[in-house]
Amino acid sequence: MTPVNAITSDHVAKHGLPADVFKDPNTYTAECDTIFAKGWASIGCGQQIAKPGDILPVRIAGQSLIAMRNKDGEIGVFHNICRHKAAPLVDEPCNKRSLVCPYHKWSFKIDGSLLNAPRYFGKENKVMTPEDKADKGLIAVRFAVWWDIIFVNISGDAEPFEAFIKPLDEQLADYPKEHIQKISTTDYSGDVNWKLAVDNFLDGYHVPFVHSQACTVESVLEQDDLFLSDNIVGLRLMNGASAKPAKTSKQLPHWEGLKPELRGTQQWFGIFPNTLFFVDPCWVQTIVIKPMGETTTDESLSIYVVNENAASEEFVEERARLHDVLNEVNQQDIELLDKLQVTRSNAIANQGHLNDAWDQVNMTFHQMWLSKMSAASTEK
């Protein structure tokens, strides 16, 4: 295993990260403890818990969490453990009026507060007072919701989310994000390190070759690299939506009030560490990358149209076709990544060469990883 402090920025600039960081279990453990626990990582989408009582359990990088919508319509995020002996409360997405621990039947309200603990005082069959319950509610997790994406900061001490996301907010200021409507969320699982999944999304070079149904080689020659902050990179095709074959037989409605010069523009971003985000003139795609182990990654792909009109009955077929096309693209990537995991994690891959014309965004993502892991190693 290559120690983090032995990885040089120069090596990363030329060859990318060393092969063994894509399979080493100690590296993965360090990533969980530093990158995913201390930063802003995404876990899902708000419209996955649309109704009061909806609960979404999530495992991400060694943590078991639940996102819930309470009776007032507000979202909360908590550790998925009972406050007695830490038994998990929820295994699958569900809708409940309360959560009941399967171990000793402690129960919790959807706002996270303790509802009851049966025979808490043993033979002395007293009723628990509010004071008894006050410190026994579910453990809350710091979170923020942006473009319907739920971000969490498990350590609780990352920079304010508004500051973290500000560069991308400014980049997308012309898009009325409050009107997006989710049409589907599809879950995937791959035998691949999470960093390779992110790297692939940021690789515009492969798109016309692996996903010829999505765009042409000529269109990607016009892509612009976007370097927005130490946590956010992306790509832009000013005429990507107009230069590719139509995804639907009838055009889905565009963003309302979008400037004419943006009506053909596609932009996609990697929000470090695990949020992949694509904005088209007619749709939005989010992929939440959820590391399950050093060589296993889950993904949740959510697709949105951009306003209520696009979500109406008039466009049922168009939404279905969009769902099929975007999931076909992602399935192609999953199949490729499962194979790439074997070869990219082999030491021979260290002799590969990044391409200056195409790989600047990918190289920057690798440098982000190196910077954050090196800083954490130094702190120790």
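This passage walks through the salt bridges, nonpolar cores, cysteines and a few chosen helices and strands of a predicted model.

Charged pairs come first. Searching the whole structure turns up 11 salt bridges. One of them pairs Asp54 with Lys51, with 3.8 Å between the closest N and O atoms. The two partners sit in rather unlike surroundings: Asp54 is buried, at 8% relative accessible area, whereas Lys51 is exposed, at 51%. A second salt bridge brings together the side chains of Glu170 and Lys166, at 4.0 Å from N to O. Both residues belong to helix α4 (residues 161-171), and because they are four residues apart there, about one helical turn separates them. Glu170 counts as exposed, with 52% relative accessibility, while Lys166 comes out as partly exposed, at 48%. The cut-off explains the two labels: exposed means over 50%, so Lys166 at 48% does not qualify.

Helix α9 (residues 316-344) offers another pair about one helical turn apart, namely Glu318 and Arg321, which are three residues apart. Their salt bridge has its closest N and O atoms 3.6 Å from each other. Here Glu318 is buried, with just 4% relative accessible area, and Arg321 is partly exposed, at 32%. This pair also has company, since Glu317 joins Glu318 and Arg321 in a network of salt bridges.

Next come the nonpolar parts. The largest nonpolar core contains 60 residues, and Ile43, Ile60 and Trp369 have the most contacts inside it. Helix α10 (residues 360-379) supplies the largest share of this core, with six residues. A second core, separate from that one, has 27 residues, among them Trp147, Phe161, Leu168 and Ile180. Back at Ile43, the contacts beyond four places in sequence include Val58, Ile60, Leu65, Ala67 and Val77. Ile150, Val152 and Val288 are on the list of residues touching Ile43 too, and so is a charged name, Lys290.

What surrounds Lys290 on its own side? Leaving aside neighbours within four places in sequence, Lys290 is in contact with Ile43, Val58, Arg59, Asp187, Thr297, Asp298, Glu299 and Ser300. Lys290 is found in strand β16 (residues 283-293) and is buried, at 11% relative accessibility. With Ser300, the link is a polar contact between side chains, at 2.8 Å. Glu74, by contrast, is 216 residues from Lys290 along the chain, and 24 Å lies between their C-alpha atoms.

How many disulfides does the structure hold? The count is zero. Cys32 is buried, at 10% relative accessibility. Cys45 takes part in no disulfide, and the nearest cysteine sulfur, belonging to Cys94, is 18 Å away. A disulfide needs two cysteine sulfur atoms within 2.5 Å, so a gap of 18 Å rules one out for Cys45. Cys45 is buried as well, with a relative accessibility of 1%.

Helix α5 (residues 194-201) is largely enclosed by the rest of the structure, because eight of its eight residues are buried. The buried set takes in Trp194, Leu196, Ala197, Val198 and Phe201, and also Lys195, Asp199 and Asn200. At the N-terminal end of α5, Asn193 acts as a cap: one of its side-chain oxygens is 2.9 Å from the backbone nitrogen of Lys195.

Finally, there is a hairpin to look at. Strand β12 (residues 224-227) and strand β13 (residues 232-237) run antiparallel and pair over four bridges. Four residues sit between β12 and β13 in this hairpin. Across the pairing, Asp225 faces Leu235 of β13. Thr364 in helix α10 touches Phe227 and Val233, leaving out residues up to four places away in sequence. Phe227 falls within the residue range of β12, and Val233 within that of β13, which ties this contact back to the hairpin. The side chain of Thr364 also reaches the backbone oxygen of Gln360, at a distance of 2.8 Å.

Technical notes: Residues numbered from 1 in each chain as written. Predicted model: local features only at pLDDT ≥ 70, side-chain atom pairs only at ≥ 80, totals over all residues. Heavy atoms only, no water. Buried < 20%, exposed > 50% of the residue type's maximum accessible area, 1.4 Å probe, protein only. Helix = DSSP H or I, 4+ residues; strand = E, 2+ residues; numbered from the N terminus. Core = buried A, V, L, I, M, F, W, Y, C linked by side-chain atoms within 4.5 Å. Contact = heavy atoms within 4.5 Å. Polar contact = N/O pair within 3.5 Å; in protein donor to acceptor, adjacent residues only side chain to side chain. Pairing = 2+ DSSP bridges.
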